[in-house]
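Welcome to this structure, and thank you for taking a look. Here are some notes to keep beside you as you turn the model around.

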Amino acid sequence: MSNVSSQKAFRKNSFDEAKRLIASKYPIVWIESWEEERVEQMLKRVSSSGFSQPLTFSAWSETKGFGTGEKTSIIEALELFISQKESGILLIKDFSWNLAPISLLKRTLRDLFQQAKSSFKTLFLLSAFSDIPEDTLKEIITMDFALPDETDLQTIFEGVLKGSPKVKVVLNDEQRMKLLKGALGLTGDEAKFVFQKMMVGKSELSEDALEIVFEEKARIIKREGLLEYVPTKFTLDDIGGLDNLKDWLKNRSDFFSKEAQAAGLKIPKGVLMTGVSGCGKSLSTQAIAAAWGLPLYRLDMNRVYGGAMGAPEEAFRKAISQIEAVAPAILWLEEIEKGVAGYEQGDKGVTARIFSSFLTWLQEHSSPVFVAATANEINKLPPELLRKGRFDEIFFVDLPSEAERGNIFKVHIAKRNLDATKYVFTDLAKATNNFNGAEIEQVVVSGLVLAFQDGKRELSQDDMFKVAGRMVPLATTMSEQIKEIKRWADTRAVKASR
Ligand SMILES: Nc1ncnc2c1ncn2[C@@H]1O[C@H](COP(=O)(O)OP(=O)(O)O)[C@@H](O)[C@H]1O
Ligand SMILES: [Mg+2]
């Protein structure tokens, strides 16, 4: 895949994208999509209203030819298109390299490419899979077909309603909007299925139908296996310390609101949190979602690269188009250094290509998607990622200071509904030098066990001292690595703590 095609893959509006490709005289465009009907509708619209002069539009399939009752082979169809004088669009449905002897097919496409370059003709190859042999890469550009937006979903919804005349809709405008928004991220067929399911056996469509949409969407997105919806359990109050980071987040809490967008405020693109493990990076990511009131989706890069979800580049593009469709949303990339570990500058491999399209998207996307990335081994990250303009800020999350340790204790004591007045937090903080947040939580948890075993007592300060005295914090055994991380972060990141 060339750079051009990976960049444009993230443009959201398929109508505009198709128009742009036609206007730039790309003769052959590959669209990977299951949504034949929507693709055909979109191209028809482009042909009739995309340009000052309408273009001819024809569609060919193996079973129906041009739909005139006459059988045409794909080679004949392509040759006809080559000889056509007017500007136009030809859509080949279910394109596959088996539709004709492959060498003949490639040759015909090449002829078309040569001839169409100087004319206003564009061939669209539609297939559910992307399968472009190396030796045709030069001639074929790929285009991502965007998932339905709210207007498309409205049309689908109304279509389903028409098919179920007995169902009375008692939704107000706001609920209707929520319902359509709830279906963002689904393909047209999936949305249709969800809307149908919502109406089964119902005489009335009311607010509780929304729940069905949300549930179905969570199920469908989960089945895709790329993005995982993460219900947010934590708020900013669950974070002890990290005050700089918290302030930064609070200051941006309504940047994603309609008002802010209307006022043209620049939406933050993302934040990278690096640093010592167990100090609250993942925790903070979840707190962002709660603080900003946005849904959080986690993308497991290991699964993207693993190949089980399809070719990595396709899987990644799919994930991006899904997250854009559910925007405004937060995209959580956990331990990104794992994903890019194999990355080297100039490397021609898949990792490098995905990574460079990720960088491009990160910098250029205009959809309200905020990326919250975490990294433990920052020195593995390529320098491009850290350049200005990629992330809005890079935070270094250090081992908690003494004061912060006291606050972390407070958080975990409060979480367990214990009486905070019974403990002296400054003393607990002193007794846990070098402990990270996770270890402090462990002190509280193990302390509770100890107290329970010892006659089902309430947790005492002493229980926690005992537990802490027996623990060897990770920072002690890893002091060299931690020093190195700190040295790295000193010049490249902002401290998350005040
Ligand atoms: N600053 C903190 N305040 C409160 N709890 C913390 C803090 N840091 C870590 N913890 C506890 O440790 C757990 C693991 O921390 P996590 O955020 O996963 O660390 P990491 O930085 O490795 O992502 C959290 O779920 C939380 O319970
Ligand atoms: Mg983590």
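1. Let us start with the sheet, bearing in mind that this is a predicted model. Seven strands form an open sheet with mixed pairing, in the order β8-β10-β11-β12-β9-β13-β14. β8 (227-229) and β14 (494-495) stand at its edges; each has a single partner strand, so one side of each is left without a neighbour in the sheet.

2. Now for the β8 edge. The partner here is β10 (residues 296-299), which runs antiparallel to β8 and is joined to it by three bridges. To find the pairing by eye, look for E228, which stands opposite R298 in β10.

3. Next, the ligand. Ligand 1 is surrounded by 15 residues, and the closest of them are G240, G278, K281, S282 and E441. By character, this shell divides into five nonpolar, seven polar and three charged residues.

4. Which parts of the chain build that shell? At least three residues come from each of domain 3 (236-398) and domain 4 (402-433 + 437-472). Among the helices, α12 (281-292), α18 (402-415) and α20 (437-453) each supply at least two residues.

5. Some polar contacts of the ligand are worth a close look. Polar backbone atoms of two residues approach oxygen atoms of ligand 1: the distance is 3.1 Å for G280 and 2.8 Å for K281. From a side chain, a polar atom of H412 lies 2.9 Å from a nitrogen atom of the ligand. Taken alone, ligand 1 exposes 550 Å², and the protein buries 84% of that.

6. Is P268 buried or exposed? This proline lies in the loop between α11 (258-262) and β9 (270-275). Its relative accessibility is 5%, so P268 counts as buried, the cut-off being under 20%. For a sense of scale, P268 and F425 are 157 residues apart in sequence, and their C-alpha atoms are 36 Å apart in space.

7. Q114 makes a useful second stop. Its place is in helix α5 (residues 102-116). With a relative accessible area of 44%, Q114 is partly exposed, because that value falls between the 20% limit for buried and the 50% limit for exposed. Between the C-alpha atoms of Q114 and S321 the separation is 32 Å, and the two residues are 207 residues apart along the chain.

Methods. Residues are numbered from 1 along each chain as its sequence is written. Chains are lettered from A and ligands numbered from 1 in the order in which they are written. This is a predicted model: local features need pLDDT of at least 70, side-chain atom pairs count only at pLDDT 80 or more; totals for chains, interfaces and linings use all residues. Side-chain values use heavy atoms; hydrogens and water are left out. A residue is near a molecule or strand if one of its heavy atoms lies within 4 Å of it. A polar contact is a pair of N or O atoms within 3.5 Å; within protein, one must be able to donate a hydrogen and the other to accept it, and residues adjacent in sequence count only if both atoms are side-chain atoms. Accessible areas come from the Shrake-Rupley method with a 1.4 Å probe; for residues, only the protein chains shown count as cover. Helices (H or I, at least four residues) and strands (E, at least two) are DSSP runs, numbered from the N terminus. Ala, Val, Leu, Ile, Met, Phe, Trp, Tyr, Cys and Pro count as nonpolar, Asp, Glu, Lys and Arg as charged, and the others, Gly among them, as polar. Domain bounds come from an automatic or database domain assignment. Buried means under 20% relative accessible area, exposed over 50%, partly exposed in between (1.4 Å probe, protein chains only). Two strands pair if DSSP finds at least two bridges between them.
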